[in-house]
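Work through these three exercises with the structure open beside you. Try each task before you read its solution.

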Amino acid sequence: EQIEKGGYDHFMLKEIYEQPSVIKDTYRGRLHANEGLIQMAGIEDNLEKFLNAERIIIVACGTSWHAGLVAEYIFEEFARIPVEVEYASEFRYRNPIINRKDVVIAISQSGETADTMAAIKLAKENGAFVFGVCNVVGSSISRETHAGAYTHAGPEIGVASTKAFTTQITVLTMIALRLAKAKGTLSNSVFHSYLQELEIIPEKVKEALETNERAKEIAAVFKDAPNCLYLGRGYNFPVALEGALKLKEISYIHAEGYPAAEMKHGPIALIDEHMPVIVIAPKQGHYDKIVSNIQEIKSRSGKIIAVVTKGDTQVRELADYIIEIPETSDALSPLITTIPLQLLSYHIAVMRGCNVDQPRNLAKSVTVE
Ligand code: G6P
């Protein structure tokens, strides 16, 4: 097992560090930035289905569901197709409206999650076209779907999903870009700049991994906190959910993710000098809005840990701790902002003496409902 961990103390840490290379593996042969092309067999063969879709319904569970939420923002912005994201477990039991013109995308690392599998069967029975985004080749979900695209994350051993999440986002971003090209919903120059940016994302993820020491320092301060709040807006709202999920999964600290603006409708009541609030506040996106959210936290004495773009000055003045990440566009930022949050959870869990790779009560793949 020590050999399999490749010198890292835990599989989770190894998998966090693999992200630059597995993101590259995931777009290799599919993303051709210089030619302005995206080629994915599963999409090319079914392009009409996607272009005629009146709606895309994404079904998934856990971290894969969070990747689905990021995809909702990306698909709607890039390809202007309405998207709904459903917990597979809710979808299958609520008599949903599914039309022949719906495309259902099922996202699953393992390809074995029982609820996601059941949602796929239901969608198929109702005549929808079902596309899978799986990591495990030949898995049940990859066989049950009409077509699909694999993430090339390699085996993910740590129960808390890390590299599966970023590679799912990579695949879903490429699909959205391919559809945008076919539909003409992005200008040529914007389309090209996204391709180029996606191509250099692994470098930026590598740079984001340099926050490891900083994450460790911050972990030492907050490791005994009983609660934690994660806030983000827009593309980084799902990242806030994912950050909170990572922390609760492996450290057993109660954590909630919230859209930053929604804080005033409830969570703000929890804020006092004992409450760590992790705010995802990159320069791109709704920066001014998030700055005012940070001010609201500060005036209630909350402890602010902010993930900011390198060179940020405004948030630095307000936050108790900052973690600097490289700049990228708003739409691709989840691939970067999520990295320090993974590291922060990891170090907190290690410092609390938790079993990082195999947290209590959780399974890597949930094949029962
Ligand atoms: C379990 C795992 C999570 C995972 C979820 C969905 O709860 O512990 O890490 O996100 O299942 O799994 P899937 O394999 O369908 O992505």
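**Exercise 1: One residue in its setting**

Place N293 in its helix, then decide: is N293 buried or exposed?

*Solution.* The model is predicted.
Step 1. Find the helix. N293 sits in helix α13, which covers residues 287-298.
Step 2. Count neighbours. N293 has 25 C-beta neighbours inside 10 Å. The cut-off for buried is 20 or more. N293 therefore counts as buried.
Step 3. List the contacts. Leaving out residues up to four places away in sequence, N293 touches L231, A260, A261, M263 and V279.
Step 4. Look along the chain. G232 is 61 residues from N293, yet their C-alpha atoms are 9.8 Å apart.

**Exercise 2: Two helices**

How do helix α2 and helix α10 run relative to each other?

*Solution.*
Step 1. Locate them. Helix α2 spans residues 19-27 and helix α10 spans residues 188-208.
Step 2. Read the geometry. The angle is about 170 degrees, and the axes lie 8 Å apart.
Step 3. Classify. Angles over 145 degrees count as roughly antiparallel, so α2 is roughly antiparallel to α10.
Step 4. Name the contact. Q19, P20, I23, K24 and Y27 of α2 meet L198, I201, P202, V205 and K206 of α10.
Step 5. Sort these residues. Seven are nonpolar, one is polar and two are charged.

**Exercise 3: Around the ligand**

Which residues come nearest to the ligand?

*Solution.*
Step 1. Take the 15 residues around the ligand; G62, T63, S108, S110 and T113 come nearest.
Step 2. Find the main contributor. Helix α5, residues 62-79, gives the most to this shell, with three residues.
Step 3. Sort the shell. It holds four nonpolar, 10 polar and one charged.

Note on methods. Residues numbered from 1 in each chain as written. Predicted model: local features only at pLDDT ≥ 70, side-chain atom pairs only at ≥ 80, totals over all residues. Helix = DSSP H or I, 4+ residues; strand = E, 2+ residues; numbered from the N terminus. Buried ≥ 20, exposed ≤ 12 C-beta atoms within 10 Å, placed from the backbone. Contact = placed C-beta atoms within 7 Å. Axes fitted to C-alpha atoms, helices over the stretch in contact; angles between N-to-C directions. Parallel < 35°, antiparallel > 145°, perpendicular 65-115°, else oblique. Nonpolar A, V, L, I, M, F, W, Y, C, P; charged D, E, K, R; others polar. Near = placed C-beta within 6 Å.
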